[in-house]
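Subject: The structure you asked for

Hi there,

Here is the structure I promised to send over. Please have it open while you read, as my notes follow below it.

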Amino acid sequence: MCKERGLIYVTNSASDSVSVIDVATNKVIETIPVGQRPFDIDVTPDDKSLYVANRCSNDISVIKLKRNKVVKSIKVGNTPIDIDFQPDGNLNFAVNNDSNNVSVIDVEKNKVVKKIKVGKQPFTSSFTTNGDFYYVCNTGSNSVSVIDTTDLTVIKKIKVGKSPFQARVSRNNQQVYVPNRCSNTVSVIDTATNKEIKQIKVGKQPGRNFVSRDNKLVFVSNTGSNSISVIDIATLTEIKQIKVGKEPFFAMFTPDGAFYYVSNDGENTISVIDVRTLTEIKKIKVGESPAVGRFTPDGTRFYIPNSGANTVSVIDTEKLKEIKQIKVGKSPEQALFVSTESSKPDLADLLIKWLCC
């Protein structure tokens with residue numbers, strides 16, 4: 001049973017909206033209009049607002065969580081595809097795929113303070129855990145740009161393989177892992193020197209990758225070979241390929257790190273991998289084209305949007321089965337959990353409530 005008190009926010013790409021699901025009832029309680037073709041979504045460090053990247057209106061919708069209402073629209077570059085909040089910082093980096101730059105947003109002012117030129121077609125990127133550097137994956141120029149977050153400049157451009165898909169920083173900040181979709185390799189970057197130190201051969205069309213909780217393994221989704229490559233960080237070698245469903249794409253670890261859930265876009269299933277044994281232990285049927293899901297913090301539920309079915313599947317992680325499909329907007333893309341445990345209204349909310357009554 002899920003004991004968490006919270007809400008799941010889901011971006012509906014073809015409805016230009018965000019659905020709000022109460023995890024206690026698994027029902028949609030609100031639908032929030034946003035910009036055109038919303039995709040990525042994240043919560044501000046103070047847990048008071050959501051940022052939603054709208055790919056076709058080229059802006060960020062800022063949703064005030066206490067009101068579930070858009071309070072500001074921030075213009076960024078063309079086709080914002082990835083947004084990340086600086087750890088322990090006051091900046092948000094919006095990666096603009098068709099402008100070849102990164103918009104830096106001051107979160108307190110909700111204002112763009114700088115645009116940083118990077119390589120061609122930048123895609124999924126990530127901060128070091130201390131927030132000092134931001135590694136930007138440039139899909140169209142086969143490189144990774146390194147941004148110093150203190151002076152907001154590119155300090156290095158690193159050549160990697162063909163069509164790099166994502167830059168993922170290790171949990172100890174020592175390396176960056178970059179799957180190259182058209183080279184069928186993963187580039188390993190040493191953060192001390194900002195040089196590529198190795199390319200590791202993996203399956204076909206590698207894409208999303210995640211680092212295990214203990215920082216010992218990297219799991220890579222191979223869309224073209226229907227498998228997950230497991231890389232040993234100590235030796236920088238592929239130690240296993242785990243067969244999963246057709247066209248695996250997004251994946252993530254359970255909060256305790258014991259299992260790895262993989263969305264198989266080509267057959268509408270979720271593969272569950274036991275991290276200890278490196279085996280698929282279950283395949284769970286969900287809706288059409290499962291996309292980017294999220295766990296509740298207690299790990300008892302997994303919410304996965306089905307972009308082809310306009311639903312969100314709720315998976316019971318103890319029973320390893322889908323327990324419900326929730327109807328949302330058109331082409332749901334990403335889900336995000338936000339806790340309501342310590343939901344105290346701020347002074348601005350109290351003043352608005354008082355004025356409206």
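A good place to begin is the largest pocket, where β4 (38-43), β8 (80-85), β12 (126-127), β16 (168-169), β20 (206-211), β24 (248-253), β28 (294-295) and β32 (332-339) each contribute at least two lining residues. Please keep in mind that this is a predicted model. The pocket holds about 1,300 Å³ of space. Its lining is made up of 41 residues, and those nearest the centre are Asp42, Asp84, Arg168, Phe210 and Arg294. Sorted by class, the lining has 22 nonpolar, ten polar and nine charged residues.

Next, the nonpolar cores. The largest one has 27 residues, and Phe219 and Tyr260 are the members that touch the most others. At least two residues of this core come from each of β21 (217-222), β22 (227-232), β24, β25 (259-264), β26 (269-274) and β29 (301-306). The largest share is that of β24, with four residues. There is also a second, separate core of 16 residues, with Phe39, Val118, Tyr134 and Val136 among them.

Tyr260 deserves a look of its own. Leaving aside residues up to four places away in sequence, Tyr260 touches Phe210, Phe219, Ile228, Ala251, Met252, Phe253, Ser271, Val272, Ile273 and Val275. Tyr260 has a relative accessibility of 0%, so this residue counts as buried.

Now for the aromatic rings. How many aromatic pairs does a search of the whole structure find? The count comes to 13. One of these is formed by Phe210 and Phe250: the ring centres are 6.0 Å apart and the planes stand at 85°, so the pair is edge-to-face. Because Phe210 sits in strand β20 and Phe250 in strand β24, the pair ties together parts that are 40 residues apart in sequence. Both rings belong to buried residues, with relative accessibility at 15% for Phe210 and 3% for Phe250. Phe253 and Tyr260 make another aromatic pair, this one tilted, at 4.5 Å centre to centre and 50° between the planes. Phe253 is buried as well, at 3% relative accessibility. Elsewhere, Phe93, Phe127 and Tyr134 come together in one aromatic cluster. You may recognise Tyr134 from the second core, and Phe210 from the centre of the pocket.

Finally, two backbone details. Most residues other than glycine have a negative phi. Asn26, which is not a glycine, has a positive phi of about 55°. You will find Asn26 in the loop between β2 (17-22) and β3 (27-33). Asp47 is not a glycine either, and its phi is positive too, at about 60°. This residue lies in the loop between β4 and β5 (49-54).

Are these two residues buried or exposed? Asn26 has a relative accessible area of 11%, so it is buried. Asp47, at 48%, is partly exposed, since the exposed class begins over 50%.

If you want a short route through the model, start at Phe210, one of the residues nearest the pocket centre, step across to its ring partner Phe250, and then go on to Tyr260 in the largest core.

Happy browsing, and do write back with any questions!

Best wishes

Note on methods:
Residues are numbered from 1 along each chain as its sequence is written. This is a predicted model: local features need pLDDT of at least 70, side-chain atom pairs count only at pLDDT 80 or more; totals for chains, interfaces and linings use all residues. Side-chain values use heavy atoms; hydrogens and water are left out. On a 1 Å grid over the protein atoms alone, a cavity is a set of points where a 1.4 Å probe fits but cannot get out, and a pocket is an open set with protein on both sides within 12 Å along at least five of seven lines; lining residues have an atom within 4 Å of a point. Grid points are joined across faces, edges and corners, and a volume is the space filled by probe spheres set on the points. Ala, Val, Leu, Ile, Met, Phe, Trp, Tyr, Cys and Pro count as nonpolar, Asp, Glu, Lys and Arg as charged, and the others, Gly among them, as polar. A nonpolar core is a set of buried Ala, Val, Leu, Ile, Met, Phe, Trp, Tyr and Cys residues joined through side-chain atoms within 4.5 Å. Buried means under 20% relative accessible area, exposed over 50%, partly exposed in between (1.4 Å probe, protein chains only). Contact means heavy atoms within 4.5 Å. Rings of Phe, Tyr and Trp (its six-membered ring) pair if their centres lie within 6.5 Å; planes under 30 degrees apart count as stacked, over 60 as edge-to-face and the rest as tilted.
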